[in-house]
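Reader: Hi! I'm in my first year and still learning to read these models. Could you take me through the aromatic part of this one, slowly and in plain words?

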Amino acid sequence: MIVESMTHAEVYKELEREREAVTTWWRCNLAKQRRRVLKSTHFPLSLWFDYTSARKNRYLFFTRLFDKKMKRILTGIAVMRFTKDGLTVYTSWLADHKLILPMVLMPHMFKRYSERAGVEKSGIDLVKHYFIHNSHGKDTRNNRVMAKSVRWNGEDHQACCVNDGVLLGQVVDGIYIVRTFITYDMCGGLQQQEFENCRSQILNDREMYDRAKECYNMW
């Protein structure tokens, strides 16, 4: 079970211990959606699963299927960690059976997201809203980190573009730790145009996000 005293690396080690069991659960539940996938006329199709493991860890799965044969699948995994500072979320993505850079969303990031994106939610409801409404930009070199040198409030950050704005944080020991969130209109200088270009790419596939919103009630 994830406890407050664990480091980020220790949390991911804990999750690795139950990876096989959790993945088996997800595959079984995904298989139950086969009939729905075959009947669907819109792709990508988004499916959402909520699960508490035998080790008492809270998981959210957000799965996107790109064809009826269910061969092209992108799966995001978010795990909740409750602390005195708020809710920390540990994520990882599986694409073509390869793990993309793990990302930790800190409580301060969700606080700023709620304030700056105008989302009047908190706790797990806020986490669900964030993942339903945001997809993460990435490139092949940086595995989701879109800019390597961003100055914000006098500190250096690495940035990641999402639908609603820009995540700012640092990569530590192969883990992208997101510390805060800014909207696109808060960006300045040359970064503003760079981020807007990234945002345009993310928003190109509007159908994906419309389908994700339709699946909100599946939680």
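Author: Sure, let's start with the rings. Trp-48, Phe-62, Phe-110, Tyr-113, Tyr-130, Phe-131 and Phe-181 form one aromatic cluster. Rings of Phe, Tyr and Trp (its six-membered ring) pair if their centres lie within 6.5 Å; planes under 30 degrees apart count as stacked, over 60 as edge-to-face and the rest as tilted.

A quick word on what you're looking at: this is a predicted model, where local features need pLDDT of at least 70, side-chain atom pairs count only at pLDDT 80 or more, and totals for chains, interfaces and linings use all residues. Residues are numbered from 1 along each chain as its sequence is written, and side-chain values use heavy atoms, with hydrogens and water left out.

Two members of the cluster, Tyr-130 and Phe-131, are buried residues of helix H5. Buried means under 20% relative accessible area, exposed means over 50%, and partly exposed is in between (1.4 Å probe, protein chains only). Helices (H or I, at least four residues) and strands (E, at least two) are DSSP runs, numbered from the N terminus. H5 spans residues 123-133 and is mostly covered, with 8 of its 11 residues buried. Ile-124, Leu-126 and His-129 are among them.

Tyr-130 and Phe-131 turn up again in the largest nonpolar core, which has 25 residues; they are among those with the most contacts inside it, along with Val-89, Leu-105, Met-109 and Leu-167. Such a core is a set of buried Ala, Val, Leu, Ile, Met, Phe, Trp, Tyr and Cys residues joined through side-chain atoms within 4.5 Å. Elements giving two or more residues to this core include E2, E4, H5 and helix H4 (107-117). H5 supplies the largest share, 6 residues. Look at Met-109 too: leaving aside its neighbours within four places in sequence, Met-109 is in contact (heavy atoms within 4.5 Å) with Tyr-130, Leu-167, Val-178, Arg-179, Thr-180 and Phe-181. There's also a second, separate core of 23 residues, which includes Val-22, Leu-47, Tyr-90 and Ile-177.

Now let's zoom out to the ring pairs. A search of the whole structure finds 13 aromatic pairs. One of them, Tyr-12 with Tyr-90, is edge-to-face, at 5.6 Å centre to centre and 80° between the planes. The pair links distant parts of the chain: Tyr-12 sits in helix H1 and Tyr-90 in strand E4 (residues 86-95), 78 residues apart. Both of these tyrosines are buried.

Then compare Trp-26 and Phe-61: their ring centres are 6.5 Å apart and their planes are at 15°, so this pair is stacked. Here, too, distant parts of the chain are linked, with Trp-26 in helix H2 (residues 19-31) and Phe-61 in strand E2 (residues 58-65), 35 residues apart. Trp-26 and Phe-61 are both buried.

Last stop: go back to Tyr-12 and look at its helix. The buried residues of H1 (residues 8-17) are Val-11, Tyr-12, Glu-14 and Leu-15. They cover an arc of only 155° around the axis, which puts them on the same side of H1; the arc is that of the directions from the helix axis to the C-beta atoms. The face turned away from that buried side carries the exposed residues Lys-13 and Arg-17.
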